[in-house]
Amino acid sequence: MTSSRPDPRAPSERDWLAQERALAGAGDRRDALLARALRTAPASVPPHGFAAAVARVAASGPVPHAVPDAGLEGRLLQTLLVLMGLVGAGALALYGPQWWALAREAFGAGGAQWSLVAGICLLLSWLPTAARWLVQERRSPEAAA
């Protein structure tokens with residue numbers, strides 16, 4: 001014996017009656033707002049042929065990932081990264097001994113050295129990923145051309 005379950009998304013008779021009472025002025029304001037929203041048509045509709053245009057784009061396959069006019073932005077980004085590296089190296093050269101003394105004081109002589117070793121290990125573990133990103137970045141413009 002098969003029995004069909006009622007759709008949980010369908011409004012119940014009780015909800016519908018509550019909305020009707022609210023529209024008549026004798027109910028909860030939230031029910032009246034919901035009833036008005038359900039009776040109002042959407043403010044905008046998709047343009048004519050929208051579904052066909054989306055289907056054509058989807059059928060044409062993946063779009064190559066090429067960003068036009070990215071040359072200037074790429075050069076600016078590289079310049080900023082180089083400047084940040086130089087400023088970081090300058091700050092390390094200027095304040096490094098003070099930072100090292102503070103680290104030795106906070107963690108002890110052995111703790112500061114082990115934290116330095118841990119930082120070097122993290123850097124070395126990140127380098128292969130960075131190299132892979134650089135290689136993929138250099139290959140992507142050639143594949144698009």
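Which exposed residues sit on the face of α1 turned away from its buried side? Let's take that helix first, keeping in mind that this is a predicted model.

## Helix α1

The face of α1 that points away from its buried side carries E13 and A24, both exposed. On the other hand, A18, Q19 and A22 of α1 are buried. Looking down the axis of α1, you'd find its buried residues within an arc of 100°, so they line one face of the helix.

You can also check the length of α1 for yourself. The helix covers residues 13–24, which is 12 residues, and at 1.5 Å a residue they should span 16 Å. The end C-alpha atoms turn out to be 17 Å apart, which agrees.

## Two annotated spans

Next, a look at what the UniProt record says. Its unreviewed entry lists residues 80–100 and 112–135 under "transmembrane region".

How does the model draw these spans? Residues 80–100 are 100% helix and 0% strand, with 27 Å between the end C-alpha atoms. Residues 112–135 are also 100% helix and 0% strand, and here the end C-alpha atoms lie 35 Å apart.

## A nonpolar patch

Now for the surface. W100, L116, I120, L123, L124, W126, L127 and W133 make a nonpolar patch of about 810 Å².

Take L116 from that patch as an example. This residue lies in helix α4, which runs over residues 70–144. With a relative accessible area of 45%, L116 counts as partly exposed, because that label covers values between the 20% limit for buried and the 50% limit for exposed.

Methods. Residues numbered from 1 in each chain as written. Predicted model: local features only at pLDDT ≥ 70, side-chain atom pairs only at ≥ 80, totals over all residues. Heavy atoms only, no water. UniProt positions renumbered as here; feature names shortened; annotations may be inferred. Helix = DSSP H or I, 4+ residues; strand = E, 2+ residues; numbered from the N terminus. Patch = residues over 30% accessible without salt bridge, like charges linked within 9 Å, V, L, I, M, F, W, Y side chains within 5 Å. Areas by Shrake-Rupley, 256 points an atom, 1.4 Å probe, with all protein chains shown as cover. Salt bridge = Lys/Arg side-chain N within 4 Å of Asp/Glu carboxyl O. Buried < 20%, exposed > 50% of the residue type's maximum accessible area, 1.4 Å probe, protein only. Expected span 1.5 Å × (residues − 1). Arc of directions from axis to C-beta.
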